[in-house]
Protein chains: 2
Amino acid sequence: MSSETDKTEKMTAALRKAGIRVTRQRIALLGVLADADDHPDAVELHERAKLVEPSVSLATVYRTLSVLEEGGVVHRHAFEGGGARFETTQEDHHDHILDVDTGEVIEFQSDKIEQLQDEIARALGYDVVHHKLELYCRKIPKPD
Amino acid sequence: MSSETDKTEKMTAALRKAGIRVTRQRIALLGVLADADDHPDAVELHERAKLVEPSVSLATVYRTLSVLEEGGVVHRHAFEGGGARFETTQEDHHDHILDVDTGEVIEFQSDKIEQLQDEIARALGYDVVHHKLELYCRKIPKPD
DNA sequence: ATAAGAATGATAACGATTCTCAAAGATAGT
DNA sequence: ACTATCTTTGAGAATCGTTATCATTCTTAT
């Protein structure tokens, strides 16, 4: 099998499609992002990318993340406390619940809320370009 | 008239009520915050506070903002790009529209959205402690 | 007025991110 | 494939917003 090669080709294609120059470092980072099912920050992504492509520098991770963001390939989140965290745009749009005790991130989506946002903005003469909705929450204790 | 004295006394009372020790610097900063109808950052607040109380240092501005936040007297906002921005909690709760072209901040409030947020969180086993809803928008061009 | 503790200004330190620059690499045209 | 051109890279310095340190000054409860 050639699964590693497969992934490389997939990432290469994705970069090409987004009009981004293809380099070893970018393939590695995009691969890591595609595999991640959490919301890692730049340093964490650097750690993971180094396992695939040891030469990647942190500077390049930051640069590439910006490039990928501009290309619409990843989303950058600035949750409260600490640095930015990233995820691919492969999945559908969603917002986040942040567990204030554990730091856990849960994703959710509500068409109703999005629709209300559009209505509110429109009424004030604005179009929503993008939005940020974060619910900082605490687990409801189970009644036992 | 003794309007400056009046304000000082008002600010002093507000600090006392919040259980915060009263100093010249804190009175000055809180006064500036109370007067602000925008969402200034720490450096901007420092500039304004220096006009009232020239001795205030930037370090104290940061320290005091944290103290005031803990005391529930001000809110800290982390809008995209740049540092934190502040406003007093005198007004009712509201969320923000950010004009992506001008940086302008518009406030709005929607009980409906807040209610939906609670419902969504509850369904996932969470209570909302606080939330952040920011609509990054662009002005709809007037048809002329 | 005084003692005990808290707040202050100046500046160093910090973490996250961006910049600089010479060297290496990618792409398009031959 | 070979070059020329333009881009990206790694390493580390620099920057930005913010917090920590510490000796001095100020608040507050007595």
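**Reading a two-chain sheet and its DNA contacts**

Reader: Which strands does helix 5 of chain A lie across, and at about what angle does this helix run to strand 5 of chain A?

Author: Helix 5 of chain A lies across strand 5 of chain A and across strand 3 (95–99), strand 4 and strand 5 of chain B. The helix runs at about 135 degrees to strand 5 of chain A. Please note that this is a predicted model. On the other chain, helix 5 (residues 111–123) of chain B packs on the sheet and touches strand 3 (95–99), strand 4 and strand 5 of chain A, together with strand 5 of chain B. Its direction makes about 135 degrees with that of strand 5 of chain B.

Reader: In what order do the strands of this open sheet stand?

Author: Strands of a sheet pair through backbone hydrogen bonds, either parallel or antiparallel. In this model, an open sheet of 6 strands has the order 4(A)-3(A)-5(A)-5(B)-3(B)-4(B), and its pairing is mixed. Strand 4 of chain A and strand 4 (105–108) of chain B stand at the edges, each with a single partner strand, so one side of each has no neighbour in the sheet. Direction ignored, neighbouring strands are turned by 25 degrees against each other on average.

Reader: In which sense do strand 5 of chain A and strand 5 of chain B pair, and over how many bridges?

Author: Strand 5 of chain A and strand 5 (residues 126–139) of chain B pair in the antiparallel sense, over 13 bridges. Individual residues can be followed across this pairing. A:Y136 has B:H130 as its bridge partner in strand 5 of chain B, and A:L135 stands opposite B:H131.

Reader: How many residues does each chain bring to the contact?

Author: The size of an interface is often given as the accessible area lost when the parts come together. Here one may count residues instead: 30 come from chain A and 30 from chain B. On the side of chain A that touches chain B, strand 4 (105–108), helix 5 (111–123) and strand 5 (126–139) of chain A each give two or more residues. Strand 5 of chain A gives the most, with 14 residues. By class, this side has 18 nonpolar, 5 polar and 7 charged residues.

Reader: What rotation superposes chain A on chain B?

Author: Two copies of a chain are related by a rotation about an axis and a shift along it. In this case, a rotation of 179 degrees with 0.1 Å of shift along the axis superposes chain A on chain B, with an RMSD of 0.3 Å. The two copies are therefore related as by a two-fold rotation axis. Of the residues of chain A, A:L133 comes closest to that axis, at 2.3 Å (C-alpha). The same surface serves both copies, since 100% of the contact residues of chain A recur in chain B.

Reader: Which residues come nearest to DNA strand C, and which to DNA strand D?

Author: Of the 23 residues around DNA strand C, those nearest are A:G83, A:A84, B:Q25, B:S57 and B:T60. Helix 4 of chain B gives the most to this surface, with 4 residues. The surface near DNA strand C has 7 nonpolar, 10 polar and 6 charged residues. Around DNA strand D there are 23 residues, of which A:S57, A:T60, B:V22, B:G83 and B:A84 come nearest. For DNA strand D, helix 4 of chain A gives the most, with 4 residues.

Key. Residues numbered from 1 in each chain as written. Chains lettered and ligands numbered in written order. Predicted model: local features only at pLDDT ≥ 70, side-chain atom pairs only at ≥ 80, totals over all residues. Contact = placed C-beta atoms within 7 Å. Nonpolar A, V, L, I, M, F, W, Y, C, P; charged D, E, K, R; others polar. Pairing = 2+ DSSP bridges. Least-squares fit on C-alpha atoms with pLDDT ≥ 70 in both. Near = placed C-beta within 6 Å. Axes fitted to C-alpha atoms, helices over the stretch in contact; angles between N-to-C directions.
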